[in-house]
Amino acid sequence: MKTQVVIVGSGPAGLMLSQLLHTHGIDSVVLERQTREHVLSRIRAGVLESTTVDVLRQIGVAERMDREGHAHDGVRIAWAGRDTFFVDTHKALGRRFVVYGQTSIQEDLYAAADRRGQPVLDRCEDVVLHGFDGGPGARPHVTFVRDGRSQRVDCEFIAGCDGFHGVSRRSIPEGVRREYEKVYPFGWLGVMARVRPLPDVTYANHPRGFALASYRSQVLSRFYIQVPLEHKVEDWPDERFWPELKARFPADLAAAITEGPSIEKSVAPLRSFVSEPMRHGALFLCGDAAHIVPPTGAKGLNLAASDVFYLGRALARWYGRRDASQLDGYSAMALRRVWSSVRTSWYLTNLLHRFPHFSEFDQKAQEVELDYLKSSAYAQAALAEQYAGLPFEAAD
Ligand code: FAS
Ligand code: PHB
């Protein structure tokens with residue numbers, strides 16, 4: 001097989017990139033380790049920055065999102081069970097964000113790939129990247145095993161969109177990579193239930209721990225609570241989850257939460273992680289392959305979209321006019337936005353969670369910061385700018 005770009009991974013980053021490249025007449029082959037069913041079974045993000053919405057519209061996969069997604073003017077923050085305030089991204093910046101589940105985006109991206117006959121090869125094992133380091137006579141190609149047969153795809157570029165546990169980042173020599181990591185001392189229990197949602201995406205800081213009320217539709221809600229790292233889904237039967245979730249919200253919001261049987265539960269650890277650079281020769285990293293953020297800022301999926309936007313624009317510039325300037329600038333430009341979102345996610349995680357090791361001073365400082373955010377339009381505008389999504393940088 002031969003193509004222009006091999007994309008490793010058919011998560012949101014991989015399929016958004018293949019769709020974007022297609023709009024520029026650039027061929028790609030997508031290699032995915034799992035089955036399509038497994039990829040579509042994953043329940044993850046829900047909040048789309050305005051820039052992500054723009055990317056999905058630009059690549060022609062926004063029709064269902066525009067029909068079923070819900071635009072929001074801002075997010076509500078509940079504090080210590082008594083107070084709530086609304087951070088109005090629309091009033092502050094004229095920008096909204098959209099609530100539309102990553103699973104739905106994945107379905108829409110697969111459907112678009114099928115419509116255009118995009119090769120998305122699932123069940124690819126032992127994916128190995130070769131010849132991407134730009135050495136003399138380097139010929140980038142990817143080998144893999146599928147249905148017991150060894151196969152090879154020759155290409156000009158490789159896009160590593162294979163997530164945190166993928167092969168791409170680890171294919172960059174250790175001596176070249178600089179990695180930054182912060183692991184948080186707690187996880188999130190996520191619960192999906194067919195119940196009416198609260199009117200706003202609502203984050204709660206409470207002495208019992210963090211909680212979040214989000215949703216996927218007017219009849220499907222998504223909730224999260226902070227749990228100790230060692231907790232498993234089995235530790236949280238519905239009869240324990242619902243009273244704990246409600247205990248972390250002010251009484252009026254707790255009373256508005258409708259209980260019902262959970263249809264999905266998962267526990268995820270929280271970490272901040274960035275691997276630099278996001279390019280090595282003909283290999284470019286996008287999405288979770290290069291960075292991970294705690295979901296507190298709803299940035300993971302949105303960063304995948306911004307990496308794809310920048311890399312797609314750079315590859316279009318190369319194939320359109322043999323201009324490599326955007327390819328050469330990709331890593332630095334993508335990382336500016338990555339670090340901005342990493343900081344925001346770290347800030348919100350520190351602001352809204354209860355840390356076991358916090359001193360009385362740390363706890364007091366957290367409460368003073370919440371009080372400042374509640375009372376300062378400038379502080380809220382700064383958070384709104386980040387939460388709704390910074391504009392993409394223009395190409396030079
Ligand atoms: P993904 O991990 O989604 O996709 C990578 C793909 O590559 C996968 O399909 C994988 O099977 C494949 N792959 C891996 N290794 C491979 C190999 N060697 N060969 C071929 N294919 C390979 N983000 C938010 O914004 N909000 C949230 O609430 C949120 N919740 C999350 C909950 C969980 C449990 C997790 C794990 C993540 C969550 N995220 C959230 C982050 C998540 O949405 C990611 O940011 C998003 O999936 C990133 O997309 P990709 O970069 O495409 O990576
Ligand atoms: C979600 O809807 O799943 C969601 C919303 C906001 C977050 C994280 C997840 O910060």
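Around ligand 1 sit 29 residues (each with a heavy atom within 4 Å of it), and Glu32, Arg42, Arg44, Gln102 and Asp288 come nearest. This is a predicted model, where local features need pLDDT of at least 70, side-chain atom pairs count only at pLDDT 80 or more, and totals for chains, interfaces and linings use all residues. Residues are numbered from 1 along each chain as its sequence is written, and side-chain values use heavy atoms, leaving out hydrogens and water.

**Ligand 1 and its shell**
- The shell splits into 14 nonpolar, eight polar and seven charged residues, with Gly counted as polar and Pro as nonpolar.
- Helix 1 (12-23) and helix 10 each supply at least two shell residues; helices here are DSSP runs of H or I, at least four residues.
- A polar side-chain atom of arginine 42 lies 2.6 Å from an oxygen atom of ligand 1.
- Polar backbone atoms join in too: one of glycine 300 is 3.1 Å from an oxygen atom of the ligand, and one of leucine 301 is 3.2 Å from an oxygen atom of ligand 1.
- The protein covers 86% of the 1,000 Å² of accessible area that ligand 1 has on its own (Shrake-Rupley method, 1.4 Å probe).

**Nonpolar cores**
- The largest nonpolar core has 72 residues, and Val5, Met16, Leu48, Leu56, Leu311 and Leu315 touch the most other members. Core members are buried Ala, Val, Leu, Ile, Met, Phe, Trp, Tyr and Cys residues joined through side-chain atoms within 4.5 Å, buried being under 20% relative accessible area (1.4 Å probe, protein chains only).
- Helix 10 (residues 300-321) gives this core its largest share, 11 residues.
- Apart from it lies another core, of 30 residues, including Phe85 and Leu352.

Key:
Chains are lettered from A and ligands numbered from 1 in the order in which they are written. Buried means under 20% relative accessible area, exposed over 50%, partly exposed in between (1.4 Å probe, protein chains only). A polar contact is a pair of N or O atoms within 3.5 Å; within protein, one must be able to donate a hydrogen and the other to accept it, and residues adjacent in sequence count only if both atoms are side-chain atoms.
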